[in-house]
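User: Please take a close look at one helix pair in this model and at how its packing relates to the surrounding interior. I would like a single connected account.

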Amino acid sequence: MYLLVGLGNPGPKYQGNRHNIGFMAIDEIARQQNFGPWRRKFQGEVSEGQIGRHKVLLLKPTTFMNESGRAITEACRFYKIEPRDVFVFHDELDLKPGKVKAKLGGGVAGHNGLRSTGAHIGNEFHRVRLGIGHPGRERVTQWVLGDFAKADREWLEPILDALAKSTPSLLEKDLGRFMTDFSQILSPPVNGHKKQKSVDGDGSDRKPDQKSDKEKSNADNGTRDKARSDEAQEPPKNAMAEALMRLAFKNKDE
């Protein structure tokens with residue numbers, strides 16, 4: 001069995017916090033993969049289900065962030081789950097909002113939930129790092145315990161959706177494949193290539209051989225200017241005929 005853990009703080013007060021993005025990821029996995037109902041166990045909320053060929057336990061510790069390891073170690077002990085079969089989803093200050101990275105083992109980078117997890121099961125567990133951006137050292141607490149803004153939904157919802165859809169490759173422990181699947185789900189290629197826009201200096205999108213209204217106007221003006229220039233260089237046909245007639249009459253009189 002594999003254990004997928006979302007880190008966060010329990011209760012409606014913290015539900016929309018950036019610090020709770022781990023809970024959000026686990027909730028989306030449970031929804032998309034049709035897991036069973038949530039129940040209270042191991043000092044947390046758990047849900048059991050199947051992802052591909054793997055039996056999976058989802059866990060959201062209710063011990064608050066700083067004691068997350070207590071819930072995780074209870075679940076691991078009960079189901080005899082090795083640390084390498086534990087996948088922890090957590091917020092990451094050192095990644096830009098919307099960026100995701102996965103790795104096995106490593107430090108805790110000041111994250112109290114990771115520190116508690118490592119203290120209970122060691123550091124050789126998988127981490128799925130979900131970027132929330134860094135506001136500056138003086139504002140960290142306010143930032144992580146603040147809610148996501150409405151504008152954040154534009155990247156947050158697609159990220160959670162792509163995470164849930166790419167979880168099967170994560171459980172194969174091929175992190176490179178997982179990141180590739182995640183990226184392709186998030187930004188699917190068009191005909192084998194990423195869709196590219198041709199953007200002109202005026203910011204408009206058009207095909208390379210299309211001219212802007214401004215370019216068309218300039219071309220039309222240039223044509224008219226050239227016509228006027230040609231007309232100025234060639235005398236009017238009527239004026240030239242009159243001059244020839246005057247010359248002929250003059251020679252006749254002489």
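Analyst: In this predicted model, α1 and α5 are oblique to each other, because their axes cross at roughly 55°, an angle that falls outside the ranges counted as roughly parallel, roughly perpendicular or roughly antiparallel. The axes of these two helices come within 9 Å, and their crossing is right-handed.

The contact itself can be listed residue by residue: from α1 it takes Ile21, Met24, Ala25, Glu28, Ile29 and Gln32, and these meet Leu156, Leu160, Asp161, Leu163, Ala164, Lys165 and Thr167 of α5. Sorted by class, the contact of α1 with α5 has eight nonpolar residues, together with two polar and three charged ones.

The same two helices also feed the interior. The largest nonpolar core has 34 residues, and those that touch the most other members are Leu4, Ile29, Val56, Leu58, Phe89, Leu130 and Leu163. Ile29 and Leu163 also appear in the contact between α1 and α5. At least two residues of this core come from each of β1 (2-6), α1 (21-32), β4 (54-61), β5 (86-92), β6 (100-104), β7 (126-131), α5 (153-171) and α6 (175-186), and α5 supplies the largest share, with nine residues.

Phe89 shows how these elements come together: leaving aside neighbours within four places in sequence, Phe89 is in contact with Leu4, Val5, Gly6, Leu7, Gly22, Ala25, Ile26, Ile29, Val128, Leu130 and Leu170. Apart from the largest core lies another one, of 18 residues, which includes Leu3, Val5, Ile81 and Leu114.

The loop between β1 and α1 holds Gly16, which is partly exposed because its relative accessible area of 25% lies between the 20% and 50% cut-offs. Leaving aside neighbours within four places in sequence, Gly16 is in contact with Met24, Gly146, Asp147 and Phe148, and Met24 is also one of the α1 residues that meet α5. The C-alpha atoms of Gly16 and Leu145 are separated by 8.8 Å, although the two residues are 129 residues apart along the chain.

A second helix pair can be set beside this one. The axes of α2 (residues 68-79) and α3 (residues 112-121) come within 7 Å and cross at roughly 40°, which makes α2 oblique to α3, and the crossing is right-handed. Here Ser68, Gly69, Arg70, Ile72 and Thr73 of α2 make the contact with Gly113, Ser116, Thr117, His120 and Ile121 of α3; by class, this contact has two nonpolar, seven polar and one charged residues.

Technical notes. Residues numbered from 1 in each chain as written. Predicted model: local features only at pLDDT ≥ 70, side-chain atom pairs only at ≥ 80, totals over all residues. Heavy atoms only, no water. Core = buried A, V, L, I, M, F, W, Y, C linked by side-chain atoms within 4.5 Å. Buried < 20%, exposed > 50% of the residue type's maximum accessible area, 1.4 Å probe, protein only. Helix = DSSP H or I, 4+ residues; strand = E, 2+ residues; numbered from the N terminus. Contact = heavy atoms within 4.5 Å. Axes fitted to C-alpha atoms, helices over the stretch in contact; angles between N-to-C directions. Parallel < 35°, antiparallel > 145°, perpendicular 65-115°, else oblique. Left-handed = near helix turned anticlockwise from the far one by under 90°. Nonpolar A, V, L, I, M, F, W, Y, C, P; charged D, E, K, R; others polar.
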